[in-house]
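Visitor: Please show me the structure, and let us then discuss how its helices, strands and rings are arranged.

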Amino acid sequence: MTNTALAGAQAPAAGRRRKATPAPTGTDRIPKPSQGWYRDKVTGEKYRRVTTILSQGSTKGDVLAMWAANLVAETAFAHLPQLVAASRRPETRTETYDWLRRAPLRKKDERADIGSAVHSIIEAHVLGEPMPVGLVDDPEMAPYLDNFLRFVEEWQVTFEASEMVVGNRTAGYAGTLDYLLRSPLIAAEFNVPASTVLMGDTKTGGELDVKGVYPEAALQMSAYRKAEIAWLRDGSTVPMPATYSTGVVLHLRPEGYRLIPVACGDDVFAAFRIVQQAADWVSGLSKTVVGQALALPNTEEKAAA
């Protein structure tokens with residue numbers, strides 16, 4: 001494999017030798033997310049993270065803000081006597097205030113922990129690896145695992161890839177898709193051949209048949225579907241496999257699961273690109289367009305003129 005210098009690298013000063021950085025090998029060649037970006041260690045290229053694009057450029061941020069406001073209100077009413085008591089004591093007022101305003105962060109962390117654990121269980125199953133012992137023995141995780149395995153059996157699912165990093169060099173973004181799958185039963189629902197590869201995603205939040213799968217899932221899946229390259233587990237890259245224009249979201253909850261079809265074709269990808277432009281505006285140009293207030297010229301200088 002030909003080594004490629006990292007973008008922006010400079011030649012060492014004359015007379016000095018810089019210690020050579022070994023070229024990344026194996027899994028170290030797979031880009032990893034950091035602060036909203038993926039960086040390719042081989043080429044030095046940076047790709048904007050798909051989830052960051054959606055947070056900055058779509059209505060997802062507004063939905064999260066409303067969710068946070070509602071959660072703070074619910075928490076306040078659920079603990080009203082304690083809050084009233086704390087408000088009368090200066091020594092506990094600040095502490096209680098901080099506890100209340102951090103309610104969305106606590107819930108978000110809790111959901112993230114569950115989501116990460118479920119994804120780890122699913123990934124181990126897909127790859128045929130041993131299930132993480134700590135998670136399998138966790139009674140909170142057991143219903144998620146049972147319902148996932150039921151989904152696999154009932155829909156006759158086989159997996160092609162799991163937790164695969166994909167990127168679009170032309171559009172400058174990357175992300176980690178949940179999995180690619182085949183299912184003759186799902187294919188029959190979409191009236192496509194049984195061998196058709198489908199994009200799949202898992203969501204663990206919300207409530208069954210109420211909420212939990214939002215339109216942003218379609219934007220996310222369309223971006224992954226239109227990726228140009230995919231990194232395999234050995235660190236090598238291949239062209240992104242072709243997938244059908246409708247994917248599926250597995251809404252996985254302790255009480256059961258739902259399989260939700262989600263459109264992720266070219267028209268949805270066109271919408272994603274608009275969202276990407278909006279995110280670029282928020283993170284870039286919008287920060288420079290408003291200047292400082294103008295000051296009137298000095299009156300003495302004006303009179304002298």
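The exchange below concerns a predicted model and takes up helix packing, strand pairing and aromatic rings in turn.

Visitor: How is H1 oriented with respect to H9: roughly parallel, roughly antiparallel, roughly perpendicular or oblique?
Guide: The axes of H1 (residues 50–57) and H9 (residues 216–225) come within 10 Å and cross at roughly 140 degrees. Angles over 145 degrees count as roughly antiparallel and those from 65 to 115 as roughly perpendicular, with the rest between them falling to another class. The orientation of H1 to H9 is therefore oblique.

Visitor: Into which classes do the residues of the contact of H1 with H9 divide?
Guide: H1 passes H9 in a right-handed crossing. On the side of H1 the contact is made by Val50, Thr51 and Leu54, and on the side of H9 by Glu216, Leu219, Gln220, Ala223 and Tyr224. These residues divide into five nonpolar, two polar and one charged.

Visitor: How is H9 oriented with respect to H10: roughly parallel, roughly perpendicular or oblique?
Guide: H9 and H10 (residues 266–283) pack with their axes 8 Å apart, at an angle of about 100 degrees. H9 contributes Ala218, Leu219, Ser222, Ala223 and Arg225, while H10 contributes Asp266, Val268, Phe269, Ala271, Phe272 and Val275. The contact comprises eight nonpolar residues, one polar and two charged. Because angles of 65 to 115 degrees form one class, H9 is to H10 roughly perpendicular.

Visitor: Which residue in the hairpin of S2 and S3 takes a positive phi?
Guide: S2 (residues 37–39) and S3 (residues 46–49) pair in the antiparallel sense over three bridges, and arginine 39 stands opposite lysine 46 in S3. The hairpin has six residues between the strands. The positive phi, near 80 degrees, belongs to glycine 44.

Visitor: Which residue of S5 stands opposite arginine 48?
Guide: S3 also pairs with S5 (residues 173–182), in this case in the parallel sense over two bridges. Opposite arginine 48, in S5, stands tyrosine 173.

Visitor: Is the ring pair of phenylalanine 159 and tyrosine 179 stacked or edge-to-face?
Guide: A pair of aromatic rings is described by the distance of the centres and the angle of the planes. The count of aromatic pairs comes to nine. For phenylalanine 159 and tyrosine 179 the centres are 5.3 Å apart and the planes stand at 75 degrees, so the pair is edge-to-face.

Visitor: How far apart in sequence are the parts that this pair ties together?
Guide: Phenylalanine 159 lies in S4 (residues 158–168), whereas tyrosine 179 lies in S5. The pair therefore ties together parts whose separation in sequence is 20 residues.

Methods
Residues numbered from 1 in each chain as written. Predicted model: local features only at pLDDT ≥ 70, side-chain atom pairs only at ≥ 80, totals over all residues. Heavy atoms only, no water. Axes fitted to C-alpha atoms, helices over the stretch in contact; angles between N-to-C directions. Helix = DSSP H or I, 4+ residues; strand = E, 2+ residues; numbered from the N terminus. Parallel < 35°, antiparallel > 145°, perpendicular 65-115°, else oblique. Left-handed = near helix turned anticlockwise from the far one by under 90°. Contact = heavy atoms within 4.5 Å. Nonpolar A, V, L, I, M, F, W, Y, C, P; charged D, E, K, R; others polar. Pairing = 2+ DSSP bridges. Phe/Tyr/Trp six-rings, centres within 6.5 Å; stacked < 30°, edge-to-face > 60°.
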